Amino acid sequence: MVDINWDGAQGLLGAAGGLAYANEISNRGQDYAGQMGQLAGQLQNDSAFKGYGVNTGLANSTIGPDGTMNLGIGRDQGMADAGNAGFDAGMGAMGNAQNMLQANSSNPAYQQAMGMYGANATNSQMGNALAAQQGGMGGISAQQQGMLNASNSMMQQSMQGQAGREQDIYGRAMAMQQPMLDQQRAQMNAREFAQGRSGIRGSQFGGTGEDAAMARAQAQAQNSAAFQSMGMAQQEQMQQANIANMYGGMGQGAAGLQGSLGMNMGNLGLQNAQLGQSAAGQLAQNAGMTNAFGLSQAQLGQAAAQGMGGLGLSQAQLGQSAANSMGQIGANQAQMGMQQYQNSYLGMQNQLAAMQNAQSGANMAQTGQLTGTGYAAQLGLGGIQTAVNSDKAASELYGNVAAAMMNNANGADGESSWLGDIFDF
Amino acid sequence: MATPLQTLLVRAPSFEGLNTEDSPLGQALTFALSADNAVIDRLGRLGSRLAFAKDTVTINTSETVLPETVRTEKNITQIGGGDINGKYVILCIVQVDQYSKENAVIRTDYYVCRRDNDTLTELLLPPSIPQENAVGRADIVYFNDKIYVFSNGNPALIYDGVGDSMSFMSAEANWLPPQDDNGVIATDIDGDIALPAYGRMWISGVDGDYNRIYYSDLLIANQWYDGRAEPADTQNTGGIIDVSEFWPNGGDRIVSLAAHNNFLIVFGRESILVYANAASGDPAAEGGIFLQDSMMNLGSVGRDAVVNTGSDVLFVDDSGIRSLSRTIQEKSVPIGDISRNVRGDIRRVIGEADQERIELSYWPSESVIVCLFPDSAQAFVASATQPSATGGLKMTKWNRCFFNKMHYYENQGTTAVYLGGNTDQNGLLTYKGYTEWNDQAFTFKYSSMPLDFGEPARDKFMKSVDFTIFSLFEETNATARWGYDGNLSRKKAIDIDALIPAYYNEATFGDTTFGASGSTIRRYRVNTRGSGSMARIGLDVKILGNEVSVQEINVQTLLGRIN
């Protein structure tokens, strides 16, 4: 009898069953893929943008499935034409204003004023004034230097030690007092002589008691003078500091004055430079200022120039004012044209606003559409997933059974399995 | 026609002493023209002075005797003394002169000697006394239990009564010379005019300056002016007085100092300054010493020619003996002329004398003021009792005054007068008894003013003069003199009896020691003769161990016709 290895037969049967089941599972997966493709196509169709429309009293606007928008309304041509007409009218007014300004720049009074200014620019009095001003600056500079030097000197004196000065003051005070002290001493001597006390010296006093009293009084006076000298030295120091400050202030004042003069001269130069420039447009725009400069310069030398300059200025101002008025009118007209032109787009803007309002409704529709397709997709996918999971569980169970059978087909040591010899696992 | 005898009885004749200043004619018989070796005795009579008796017998000095010396004289030039701790000490300066055979002085030494009973004992002096000769004129003063010897140019010497040596003042522990912040003013107190008074020592002549008076601290004679800002002794009240501004005659020099009744009296040679309030606590303090009065053309002739009598200060001026009498208010010092009655005589003697040696001394126990002229060995003596009718004191005159100095001693109820003998080896003398130091008699001499008996125009014929004389101790010889018209050309010797005192248990009655006379006062009649318009009488009595006084004179005369 043939000796049948049952263990090996059992393994062979298990492997055959596993292979068959794997094919079944693979087939089922392909079915599932087909189902999901169908579901995807359906969902794509269901979720696609269908477009929408907005109907107002102004127009009927539509949004196509491809996103194109048809507003259904254009600009108001009449209003656009009216705006263009206003703008053109404004431009014409501004041209008039420019013409008026150009006419003002050739104002004879202004020209006459400029001529007079030109004459004034070479005015010898102005030269004299400038020379005097420069001389003044020189003097002020010297004064400034002197003041600053004096300030420095006083400052240095105020910063010196007081002891020497105190001694000097004390010496002067005592020198001033010396005649009086001598007189007092002489009177004292005479009084002592008359009293018969002259020539007496005692140990307690050096001289007489009266001498000592006078010496004490004089010593007190000397002490007082010493202290007063100290106070006077301090006061003097303060006074010197104050004088230094004052001189410094004067120097600074002179410097300021010098700077002011320099600035004045700079202004004069500037004015001259400005006056010397012949840019007509700038002169036209600054006619009044220029005339004022001219008037100022004319005031330095010639009263007539002032009158003429004033007249020129007045006229220029009048011309400028008229030009400004005309320009303003033109601007207003242009503004009105511009506004009218903008109003011609007002219908379109309103339709666009209505479309924006309608866009939320479209969004709501789109959202509902997408939500429905989402639910459908989820349910479809859920069914497929359930089937897949069932297959997966069945395959795992089957696999486990086959694996147990295969394990039992192995030798005691795991290496001498016949099944292993057949299937290279 | 004969006239009856006129009797002129003069009691206590000349008891007002000499009067040579007023005209002798018509003067009262209470004055005398001569009164030699006389005093106004205790009963107001004119009597003989006491003797200049021997006091010391030995002078021990250590001079080196030169080989060529043939004779040595020792004279006492100065005397001073005082009570040192209860013992009265007398110091004197002994000048020892050595003479050659040509009778020239070849060496002179000076010694300070102390009186030890009858011996003068030399005191050892510090070495190097710069001006030894000046020691002979030293001023010896007593102050606060010490005796100081001040001499010109020499440091002051001090004797404290202990031992036989003296020391310099500058060697004292608390010595402080006059000084101020500029340095020492005088290195030594080397003046020679000293006055201890009012608790201080007052000195002039320091450093040769006789216009300054240095006064010491109170009771500390070694401590002088200290004008430094930080004095050594803060209690020092010594000082200096410069009197040069106050001489009323433009300039003078201090020759003597005196103290009296809170005054410091500064004697110049020709002027006097009177400082008041000298006894104040600190003379230099306010209310201290000040010049109250000054006088010109009056001054002292010498340092020792000034004496304080307790109630007055007397001094010898060129015009005689003067006084600074005080007034009731003590505000000024009018001048009294003490020697008014002998002004001419004493002025002449002063003018002829070595004035620096003139000394004035007051002997209270004898009630006399003695003005000594050593170089002429005479003295004018003023009675310190009542003044005479002229206002001057009663004056007499002494001769045989062989001494240089006088020192009145009074201690614990004992008084004495010591005299510095200037005759060879006589040492110290003393004024007492009736026997002179050399046992020789001196003469008491009296002569009256011219007598006119109230009849100046008529001749006088003196018939007799009765001298009533008080005599004592010893009999003696006398010479009665009389004359006319200012002379005493006639004389007659008389024997003066004396009462011999009986001493208990020394003799018995009937012995010779009792003598024959039983009376102390006896009248001696002298018959006289001659005539003249003015009569004069006199009496010379030898004094040797006896005492006489003229009690009364009775002159009997006839008056002649009118010339």
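User: Two residues are in contact if their C-beta atoms, placed from the backbone, lie within 7 Å. How many residues of chain B are in contact with residues of chain A?

Analyst: This is a predicted model, in which local features need pLDDT (the predictor's confidence in each residue, from 0 to 100) of at least 70, side-chain atom pairs count only at pLDDT 80 or more, and totals for chains, interfaces and linings use all residues. Residues are numbered from 1 along each chain as its sequence is written, while chains are lettered from A and ligands numbered from 1 in the order in which they are written. Chain A contributes 16 residues, and the number of chain B residues in contact with them is 25.

User: Which element gives the most to the side of chain A that touches chain B?

Analyst: Elements are DSSP runs numbered from the N terminus, namely helices (H or I, at least four residues) and strands (E, at least two). Those giving two or more residues to this side of chain A are β4 (200-202) and α6 (209-276). The element that gives the most, with 3 residues, is β4(A).

User: How do the residues on this side of chain A divide by class?

Analyst: Ala, Val, Leu, Ile, Met, Phe, Trp, Tyr, Cys and Pro count as nonpolar, Asp, Glu, Lys and Arg as charged, and the others, Gly among them, as polar. On these terms, the side of chain A that touches chain B divides into 3 nonpolar, 10 polar and 3 charged.

User: Which strand of chain B is joined to β4(A) by 3 bridges?

Analyst: Two strands pair if DSSP finds at least two bridges between them. The partner of A:Gly202 is B:Gly239, and that of A:Ile200 is B:Ile241. The two strands run antiparallel, and the one of chain B, spanning residues 239-242, is β20(B).

User: Which are the edge strands of the open sheet of 5 strands?

Analyst: The sheet has the order β4(A)-β20(B)-β19(B)-β18(B)-β17(B), with antiparallel pairing. Its neighbouring strands are turned by 15° against each other on average, direction ignored; the axes are lines fitted to C-alpha atoms, for helices over the stretch in contact, and angles run from 0 to 180 degrees between N-to-C directions. The strands that pair on one side only, and thus form the edges, are β4(A) and β17(B).

User: How many residues of β30(B) are buried?

Analyst: A residue is buried if 20 or more other C-beta atoms lie within 10 Å of its own, exposed if 12 or fewer, and partly exposed in between. One side of β30(B) carries B:Val368, B:Val370 and B:Leu372, the other B:Ile369, B:Cys371 and B:Phe373, and both are covered. Over residues 368-373, the number of buried residues is 6 of 6.

User: Which strand pairs with β30(B) over 6 bridges?

Analyst: β29(B) (residues 359-363) pairs with β30(B) over 5 bridges in the antiparallel sense, and there B:Leu360 stands opposite B:Cys371. These two strands form a hairpin with 4 residues between them. On the other pairing, B:Phe373 has B:Gln378 as its bridge partner. The strand that pairs over 6 bridges, also antiparallel, is β31(B).

User: Within what arc do the buried residues of α1(B) fall?

Analyst: In helix α1(B) (residues 343-352), B:Ile346, B:Val349 and B:Ile350 are buried. Their cover includes β26, β27, β30 and β31 of chain B, whereas the face turned away carries the exposed B:Arg348, B:Gly351 and B:Glu352. The arc is that of the directions from the helix axis to the C-beta atoms. The buried residues line one face of the helix, because seen down its axis they fall within an arc of 100°.

User: Is B:Asn37 buried or exposed?

Analyst: B:Asn37 lies in the loop between β2 (32-36) and β3 (38-40) of chain B and has a positive phi of about 50° although it is not a glycine. B:Ala377, in the loop between β30 and β31 of chain B, also has a positive phi, near 55°, but is partly exposed, with 15 other C-beta atoms within 10 Å. Since B:Asn37 has 24 C-beta neighbours inside 10 Å, it counts as buried.

User: Which element of chain A has the lowest mean pLDDT?

Analyst: Chain A has a mean pLDDT of 74, with 68% of its residues at 70 or more. Over residues 278-284 of chain A the pLDDT is below 50. Where pLDDT is low, the predicted coordinates should not be read in detail. While β4(A) has the highest mean among the elements of chain A, 92, the lowest, 46, belongs to α7(A).
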